[in-house]
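Here is a friendly walk through one molecular structure, helix by helix and residue by residue. Please have a look at it first, and then read on.

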Amino acid sequence: MNHTCQFISYDNQANDNGLSSVTRLIFSIYRQFYVYFVLAFGPLNIIANLLSMFILTRKELRGSYSYLFFFMTLDHTIVVVFLVSTVIRSTFSSICDPDNNTLALAVYQIIAQNAMDILRAHASWLAVVIATLRFFAIRHRGFREPSLLRILLWCFVSLSVLLAASTPVFMSTSIQWIPLSNVCRWRNITNDILVATVRESDWVYYNDCLLLRITYFISGTLHNGIPCFLLFALSVLLLRQLRLIRKEFVSGSKLGNDQSSSDDRVTKMMTVILITTIVSEMPQSVLNILVAFLPTGFRANIVERLGNILMTIMLITSACNLFIYLSMSRKFKEVAKSYFFRAVPIAKIGRFSTILRARSSVRT
């Protein structure tokens with residue numbers, strides 16, 4: 001079957017214009033750096049996310065926002081784990097080895113590929129829930145935050161809706177048994193056996209690649225585009241509401257100074273996290289939507305070559321959340337310090353010696 005379409009062509013040589021040449025150059029230069037970056041920064045990202053989840057689950061921080069931030073960070077952590085494992089497998093294992101083309105590894109590859117897309121989308125929608133709750137909290141005094149049970153229900157329902165709506169995405173790939181010589185065409189394969197590989201399903205090319213275009217349109221809108229649009233609108237509303245609160249305080253409102261400054265810090269922190277989510281997901285949304293409408297090799301020549309850069313942005317923004325919490329949330333910082341001093345004996349000794357020196361100086 002000819003795996004091209006009249007409307008969308010995925011031939012790597014199609015539309016080899018100036019932009020395609022630039023993206024090819026970027027891909028060839030960035031490809032090796034990307035592997036080293038993921039292998040080095042990926043574990044650091046996982047550690048930072050684990051620290052964030054550990055602090056967010058402490059009893060001093062238990063609340064609706066902490067629970068939602070925990071599940072959002074958990075989504076990012078699983079994505080990075082799948083990403084690091086995928087890069088390790090593609091870098092250090094030979095695809096010409098039949099042991100690296102088993103059915104179990106092919107199933108894992110499909111699970112990892114789909115899980116990364118779904119969990120990134122789930123994290124974006126959780127960010128929308130966080131922003132919505134914060135808007136109602138600062139707009140309506142006395143707003144009752146949802147319980148942990150309700151948050152768990154929201155997480156389950158949103159994940160279920162994403163899984164159901166992404167059915168065309170799951171249908172676009174399948175496990176196919178092909179001769180090993182077709183996988184390693186540059187080698188002379190003497191023992192040509194059938195191996196399991198993950199490829200695009202044949203039916204995605206029917207009706208002028210209708211299913212494939214639907215797949216990318218769903219990814220660009222439901223997974224990235226709609227939540228990014230909502231996050232942008234909610235960020236504007238949050239900043240506007242924060243400005244109104246400041247005016248009320250200046251005009252003699254009943255709000256105390258501590259309460260106003262606390263609202264200010266929390267809202268600013270959430271707005272920064274929302275902006276980092278938009279920066280991470282919006283470029284992917286735009287490119288996926290364009291794939292559904294632009295002809296002649298746009299995916300092969302543009303999207304697939306820029307995918308490593310977009311994944312790098314996601315890794316950086318995900319790891320930045322810990323430092324955003326530490327720099328903009330006073331309570332998060334205090335809880336982190338208390339548990340850090342409790343967990344690190346050297347830090348305890350240093351703090352204890354400082355207290356002793358201070359006491360001895362007072363006595364003298």
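## Two annotated spans

Residues 68-88 make a good starting point: this span is 100% helix and 0% strand, with 31 Å between its end C-alpha atoms. For residues 214-239, the end C-alpha atoms are 36 Å apart, and the span is again 100% helix and 0% strand. Both spans come from the "transmembrane region" annotation in an unreviewed UniProt entry, which also covers residues 33-56, 118-136, 148-171, 272-294 and 306-328. UniProt positions are given here in the numbering of this structure, feature names are shortened, and such annotations may be inferred rather than shown by experiment.

## The model and its overall make-up

This is a predicted model, in which local features need pLDDT of at least 70 and side-chain atom pairs count only at pLDDT 80 or more, while totals for chains, interfaces and linings use all residues. Residues are numbered from 1 along each chain as its sequence is written, and side-chain values use heavy atoms, with hydrogens and water left out.

The chain has 11 helices and two strands, where helices (H or I, at least four residues) and strands (E, at least two) are DSSP runs numbered from the N terminus. Read from the N terminus, the order of elements is α-α-α-α-α-β-α-β-α-α-α-α-α. Of the 364 residues in the chain, 44% are buried; buried means under 20% relative accessible area, exposed over 50% and partly exposed in between, with a 1.4 Å probe and protein chains only. Among contacts (heavy atoms within 4.5 Å) with a separation of 6 or more, 79% join residues 24 or more positions apart.

## Helix α2 and its partners

Two packed helices are described by the angle between their axes and the distance between the axes. The axes are lines fitted to C-alpha atoms, for helices over the stretch in contact, and angles run from 0 to 180 degrees between N-to-C directions. Helix α2 (residues 64-92) packs on α3 at an angle of about 155 degrees, with 8 Å between the axes. α2 is therefore roughly antiparallel to α3 (angles under 35 degrees count as roughly parallel, over 145 as roughly antiparallel, 65 to 115 as roughly perpendicular and the rest as oblique). The crossing of α2 past α3 is left-handed; that is the term if the near helix is turned anticlockwise from the far one by less than a right angle, and right-handed if clockwise. Their contact holds 23 nonpolar, five polar and four charged residues, with Ala, Val, Leu, Ile, Met, Phe, Trp, Tyr, Cys and Pro counted as nonpolar, Asp, Glu, Lys and Arg as charged, and the others, Gly among them, as polar.

How do the axes of α2 and helix α9 (residues 298-328) cross, and within what distance do they come? They cross at roughly 140 degrees and come within 11 Å, so α2 and α9 are oblique to each other. This crossing is left-handed. On the α2 side, F69, T73, H76, V79, V80 and L83 meet M311, M314, L315, S318, N321 and Y325 of α9. By class, that contact has eight nonpolar, four polar and no charged residues.

Y67 is also part of α2. Beyond its neighbours within four places in sequence, Y67 contacts R62, L148 and I151. Its C-alpha atom is 7.3 Å from that of L56, which is 11 residues away in sequence.

## Helix α3 against α4

Helix α3 (residues 103-139) packs with helix α4 (residues 148-165) at an angle of about 135 degrees, the axes being 10 Å apart. α3 is therefore oblique to α4, and the crossing is right-handed. From α3, the contact uses I118, A121, H122, W125, L126, V129 and L133, and from α4 W154, C155, S158, L159, L162 and L163. These residues divide into 11 nonpolar, two polar and no charged.

N114 lies in α3 as well. With a relative accessible area of 10%, N114 is buried, and it touches V169 and F170, not counting residues up to four places away in sequence.

## Two residues of helix α7

Helix α7 (residues 206-250) contains T221, and L231 lies in α7 too. T221 counts as buried because its relative accessibility is 19%. Apart from neighbours within four places in sequence, T221 is in contact with I226, P227 and I289.

Is L231 buried or exposed? L231 counts as buried, at 0% relative accessibility. Setting aside neighbours within four places, L231 contacts S124, A127, V128, L274, T277 and I278. L231 and S124 are 107 residues apart along the chain, with their C-alpha atoms separated by 8.5 Å.
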